[in-house]
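Dear colleague,

I am handing over the structure below, together with some notes on its charged side chains. Please look through it before reading on.

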Amino acid sequence: MHVLSVSSLKGGVGKTTVTLGLASAAFARGIRTLVVDLDPQSDVSTGLDVQTAGRLNVADVLENPKEKTVRQAIASSGWTKVHPGKIDIMLGSPSAINYDGPHPSVRDVWKMEEALAIIEDEYDLVLIDCAPSLNALTRTAWAASDRVSVVTEPGLFSVAAADRALRAIEEIRRGLSSRLQPLGIIVNRVRPQSVEHQFRIKELRDMFGPLVLEPQLPERTSLQQAQGAAKPLHVWPGESAQELAADFDQLLDRIVEAGHIPVPDEGPQAH
């Protein structure tokens, strides 16, 4: 089971929509996927069309990562009404913020790793939608992860934020989890006509080279629309949605390659 954290150090760069886009690509390809909603805003749970009533959530798991709790916090996504496949979510909760202190204990940092170990035979890919900060929740996610992708947008502070995230990943790799590596930087919400955006992307490439992942994701409303309707991007109508779906397929190729993830010969929607 390959675990990828989707992180950003500042809110508002579309980290959750990127998580949903990658989940949609994995689902379209028939990869058994679990999405963990560690962002207290819990938007990814909404986007995956889940009924939360009467279920436990990620805050309960962080409190007590025992098998019964972990299983009760995981629900099947409503996306499976669209076509068959396995896409589940460990439900998010605003209460997760209670576990986001600046100085987590070593015991606390390993709780997500402990929880995921219980179900590791059941999924090929886990995507963790992280909180947009470097506090305990993100560290807990990274300790459980094989790779981290850093989501940024091509703005003035993007290089500084990406640099800070990559340094933090290195710090966790050295101090806590030697298997952790950066997958790379996903540049989101790009306006190809913007001179400023092109300048910032060049700046990112000059500084981080091949860690800047291809393709960069253009700013499109189709992803927000699919998210708002709680549908996977890959079945959303329209040319712009399909172009964006193809971009996410390419990013997924990189994840599959990095994690040696088994891909069914024919996914439910083999392209």
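**Salt bridges in the model**

Lys86 has a relative accessible area of 33% and is therefore partly exposed. Please keep in mind throughout that this is a predicted model. The side chain of Lys86 meets that of Asp88 in a salt bridge, with 4.0 Å from N to O, and Asp88, for its part, is buried, its relative accessible area being 10%. This pair belongs to a wider set, since the count for the structure comes to 23 salt bridges.

Which residue forms a salt bridge with Lys15, with the closest N and O atoms 3.0 Å apart? The partner is Asp129, and the pair links distant parts of the chain, with Lys15 in helix H1 (residues 15–28) and Asp129 in strand E5 (residues 125–129), 114 residues apart. Both Lys15 and Asp129 are buried; for Asp129 the relative accessibility is 0%, and because buried means under 20%, Asp129 falls in that class. The two residues do not stand by themselves, as Lys15, Asp39 and Asp129 are linked in a network of salt bridges.

The surroundings of Asp129 can be described a little further. Leaving aside neighbours within four places in sequence, Asp129 is in contact with a number of residues, including Val6, Thr16, Val36, Asp37, Leu38 and Val44, as well as Lys15 and Asp39. Thr19 is also in contact with Asp129, and a polar contact of 3.1 Å joins the side chains of Asp129 and Thr19. As for the backbone, the C-alpha atoms of Asp129 and Val35 are separated by 7.3 Å, although these residues are 94 residues apart along the chain.

Another salt bridge that you may wish to look at is the one between Arg71 and Glu122, where the closest N and O atoms are 2.8 Å apart. Arg71 lies in helix H4 (residues 67–72), whereas Glu122 lies in the loop between helix H6 (111–118) and E5, so the pair ties together parts that are 51 residues apart in sequence. Are these two side chains buried, partly exposed or exposed? Arg71, at 35% relative accessibility, counts as partly exposed, and Glu122, with a relative accessible area of 25%, is partly exposed as well.

With kind regards

Terms used:
Residues numbered from 1 in each chain as written. Predicted model: local features only at pLDDT ≥ 70, side-chain atom pairs only at ≥ 80, totals over all residues. Heavy atoms only, no water. Helix = DSSP H or I, 4+ residues; strand = E, 2+ residues; numbered from the N terminus. Buried < 20%, exposed > 50% of the residue type's maximum accessible area, 1.4 Å probe, protein only. Contact = heavy atoms within 4.5 Å. Polar contact = N/O pair within 3.5 Å; in protein donor to acceptor, adjacent residues only side chain to side chain.
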